[in-house]
Structure formats: structure tokens, C-alpha cells
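Have the model open in your viewer and keep the selection panel handy. We will go through it one selection at a time.

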Amino acid sequence: MAFAVALLSRTKQYTECPPLMEEDKYIDSRQKLEIILKPMEGAEETGLIIHDELCSGCGNCVVACPVNVANDPHGSGRGFGPTNEKVIFRVENGKVKAANVKECRRFGKDKILCRACIDPCPTEAIEFV
Amino acid sequence: MEMTEPITWTCTGCALLCEDIQVYIKDNRVEKVEHACLKGKARVYGCKHTAMSTVDQEEVDVNNAIRQAAEILEEARNPLLYGWSNSTSEAQVAGIELAQTLGACIDSTSSFCQGITINEIINGSVPSCTLDEVREKADVVIYWGADPMSSHPRHLSRYSYFPRGELRQRGYEEDRTAICIDVTQSRTAKICKGMFFSIPPGGDAEFMQALMDGLAGRVPKLSYDFDVKRILELAAVLKKAEFGVIFAGLGLVYSIKEEFDLISEFMSTLNRFSNFFLIPMAGHFNMRGFNHNLHEETGFIHRVGFTKNGPVSGVEYSVVEQLKHGADAVMVVGSDPLASLPLSISRRLKDIPLILVDPCSNLTTRVADVTIPCGVSGIEVGGTAIRLDGKKMDISPLIQGDGLSDEMIVRRIMEEVS
């Protein structure tokens, strides 16, 4: 159970489990895990995944993200494009990009399950795994 | 030229005219664009296929194409000049002058779009406000028959819902209420969640009437199945609004049709209890500009015929009626009528001389007798435009193009005609 929790919190990789990798009787389980954990490969440290193919670059997340607002109140907070590099979300070439993920409320030990960027997205292009 | 500092640019991807776009240019080409949505990005990177200068589908020198266009327009007894919503105000003014010189009809895409709404606003029958006021003050916004999340992607993030405004400092969750009234659960409806009111197609007038009943304290009646309690709840929200805005989309305009008085009546009723404004969701970047410019010259916003007795306006001068039975030559500027009009109407374009002035190759270029390529407005050509809320905006060119601007082409045709 402890290993499963570590796996979900991404402090361990499934490849670190010797029986799973070495014993033949776990081949099926290993393959299933590979499929389940596949979406997490492209995730940021917070588990953030941006589905580029769904994003329309509307910038709702840019303006709604509380970190963007706090770090750039007169830019992102007012509906403009970000005016400094301290923000998490910004739109480049019509698609949203994430940076400074350590600033995200979902990062670190005291993380909270903030949904400020997920809920305003009309195309479900933002996901946390 | 090396990629250096970004240029701050006003986007001409839609009528929001976002003026905070950062564009990086290298060797006279766009290298990267920041803050623009997908529509803006598509606009800034220009045409997929540029139009060629042609006469009878054969490539010719642009001067020959201009001469041929002038000849067609001069010979025509009833020419129509149509399009204009993707042109700068300067090109539109030149187009109006050309129509006057030729004694032609002139109309724009607003003829079957938001023209009727803009007319009411210009005439003062319906109160309107600017998008900046919406950002600073609005606490209740209604998207009626409109889906800005698809048509104007930055609408909610730039102005109408998500940003912190002067009087709306606590963020959208606490300070603003977004309402969507539509026939389909659009992307915008998803944002509005519990405040989405799904009505049947053509049910807008009845819903509006029911809402007026609700505002007046009467029990609303509807011929279709709808929870009356929800209408009363909505009426209560509208009554409490300090600064309310209705964004009227094409869904509302098409549904209401000629009964536009109902919208004026609705706004008056609403404003007996609260403080509401209406903004039309114009699509093309300078559609509203054409209406303002033509109104300044003639007193009419679209569907104008220049007769011996001066300019007149009426449905018979609309692009649809003129294409059905009227115009004997058409010049289209910055539009693709074969793609945007029903085939039953646009079909006639292949039977009469057709001139197309456009930067890009499109469906209409395939049947045009004369095609004259022009620079892309807002990319290669600068000028002014009017935002969907009526605010005049300056547009600077981003890169240096090879071609003439649409204004220059229209003025060259005018010289040939004169």
C-alpha cells in the first residue's frame, strides 16, 4: 500500500518494484500499470498535463490562476497577457504553456487540490494526474 | 533582421482587437506570437495560399487586373460592392467613395449579421457600453445566443468574466455572474454551469417575454416546457445587477428576426429595475467599422444604393437581394461569399462579372473573373478599425508586404473609372 501511495504521489516509479519487474507471474499486472501510468509521463512535477490539441489559447486559465494574479496583478490579473516571468500560465503561439510549476498550489508537501485553472477551461485541455 | 524585442500588436483575428499581443519578427517573418488565441495566431501567420493577380483565371500583371476591374464596374448598370468587414476603415471609406462615383450599391457582411443590432445602438434605441467598462464594472453578464468561447476566445478572459476590474476586485467567483441563454450547451454554457438556460430553437422571443413578465412580478407563460421557477430566479438576479451587460449573438438576432423592437422593449423593461447594456458580438475585425463609416457618410449603416437622388437604404439594396436579382457586376473586398452565403444565392456569382480583392486564395477566387491580391489588413497594412463595442483602435502593420493595400487598390480603380 505504501508503495502504491508513493507511486501515485510520483515519489517512486513502478520500475523500482523488483517482483513486478522480475517475476513472470506479474507480467500482466506490469503491462496494465504501464497503460494506467502512461498519461503521467508528460506531466509536470505537480501532475499538470496540458492537452495541446484541445487548447484554444483563450487564456481563461492565465487570468483565473491565483498565482498568476498574485505575481502579476496588473497583467494577468486584469485580463492582459502576463507582463513578467513569475507566472505559471502564459499563451504562446495560440497554446497555453506552463512554467514556474513550483509556485503552483498543487506543488510540494503542503499542496492543496486547487482547481482554479481546470474549471475555467471550456475544452478540458488542463488535467492533473 | 535578427529576432529582437517583441512588437506590441493589435490582433485583427476577430472584433475584440486585443491590443496586448507580443509578436517576435525575424527576417520580415513572424517567428513567435504571445498572448494571442488560436484565431489570432492563425491571423498573424497570414494566408495558407496567397491570391494571384488574374483575369479570366489567367495570371496577369496587377495593373492589368485593376484596369479590367475598372472596365467591368464602368460598364455595369447596377454594380454591387460587397464585403468590407476585413478591411481597415480607410479602405472602407474609399469603397464608399467608389460606390458613390459609380452610383452603385454597397453592403457588408453585417447585412446578415449584427447590422440590425448596431443600427439600434447607433440610433440610440438600445444602451451600450465599452468592453473596458464591462471589465471594470460588470457584475452580471449574459451571453444570449452567443458562444464567445468559440467565436472570440479571449472575450471572457480579457473583459467579460475572469479579470479583476476596478469595482470587481475579488475575482469572478464572488464578483461576477455569467449567464448563458442558448439552444445548445456551448463552450460558454459550460463556463456558466448552473446559469445556463437551454431554450428551443426560435424560442428566444418567448423567453424574453417570459423574463419581462418575471421582472414585472407576473407568472411567466411559455408554450414550450420550461421550469417557470428558474425564470423567476433569473429575473431576480437581473433585478439585483449593478452593471449588467447582454452580449447579443447571432443566435438571438436570427431568432428574433424583424421583431427587433422586442429587444428594445426588453432593455427598457430591464432598465426600469436595474442598469443593463447591450453589446453586439460582431465577428470580423472591422464589421462595426463599416457600419459607422457608412452611417457617417450616408446616415445608413448598410444596404445602401447611391441613386440620382442621393443615398437610399432598404432590403432591396442588400447583398442577398442584389445577388438574387439586381446586380449585374460584383466587386467583393475581403470576403468569401461562396463559402459564407447559401449556394442558392451565391450561385449567381458565376453568371455575372465578379471582381475579388483579397489577400488569400479562397473558394470565390475559383470563379472570379478578376482577382486582385492585397496586403493582409493588420499584418501588412495598417490603419484604424472599430472594435465590437464601438471603440476606435489603431492598427499597425507587422511586416512589409509586396502587394498593394485594399485601400490603394480601390483608389486605383476609382482613378481608372474617373
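Start by selecting chain B and looking at burial: of its 418 residues, 54% count as buried. Keep in mind that this is a predicted model. Colour chain B by pLDDT and you will find an average of 95, with 99% of the residues scoring at least 70.

Now switch chain B to cartoon. You have 18 helices and 19 strands to follow here. The radius of gyration of chain B is 22 Å, close to the 22 Å that the globule rule gives for 418 residues, so chain B is as compact as a globular protein of that length. Rotate the C-alpha trace along its principal axes, and its span is about 65 × 55 × 30 Å. If you draw the contacts of chain B with a separation of 6 or more, 70% of them join residues 24 or more positions apart.

Next, move to chain A. Its domain assignment gives you two selections to colour: domain 1 (2-40) and domain 2 (48-128). Place a marker at the C-alpha centre of each of these domains of chain A, and the markers lie 30 Å apart.

Finally, show both chains together. For the complex, the predictor gives an ipTM of 0.92 and a pTM of 0.91. How many residues does each chain bring to the contact? Chain A contributes 22 residues and chain B contributes 24. On the side of chain A that touches chain B, select α4 (60-64) and β2 (89-92), the elements that give two or more residues. The largest share, four residues, comes from α4(A). Colour that side of chain A by residue type to see nine nonpolar, 10 polar and three charged residues.

Definitions and conventions:
Residues are numbered from 1 along each chain as its sequence is written. Chains are lettered from A and ligands numbered from 1 in the order in which they are written. This is a predicted model: local features need pLDDT of at least 70, side-chain atom pairs count only at pLDDT 80 or more; totals for chains, interfaces and linings use all residues. pLDDT is the predictor's confidence in each residue, from 0 to 100. Two residues are in contact if their C-beta atoms, placed from the backbone, lie within 7 Å. Ala, Val, Leu, Ile, Met, Phe, Trp, Tyr, Cys and Pro count as nonpolar, Asp, Glu, Lys and Arg as charged, and the others, Gly among them, as polar. Domain bounds come from an automatic or database domain assignment. The radius of gyration is taken over C-alpha atoms; the globule rule is 2.2 Å times the number of residues to the power 0.38. A residue is buried if 20 or more other C-beta atoms lie within 10 Å of its own, exposed if 12 or fewer, and partly exposed in between; C-beta atoms are placed from the backbone.
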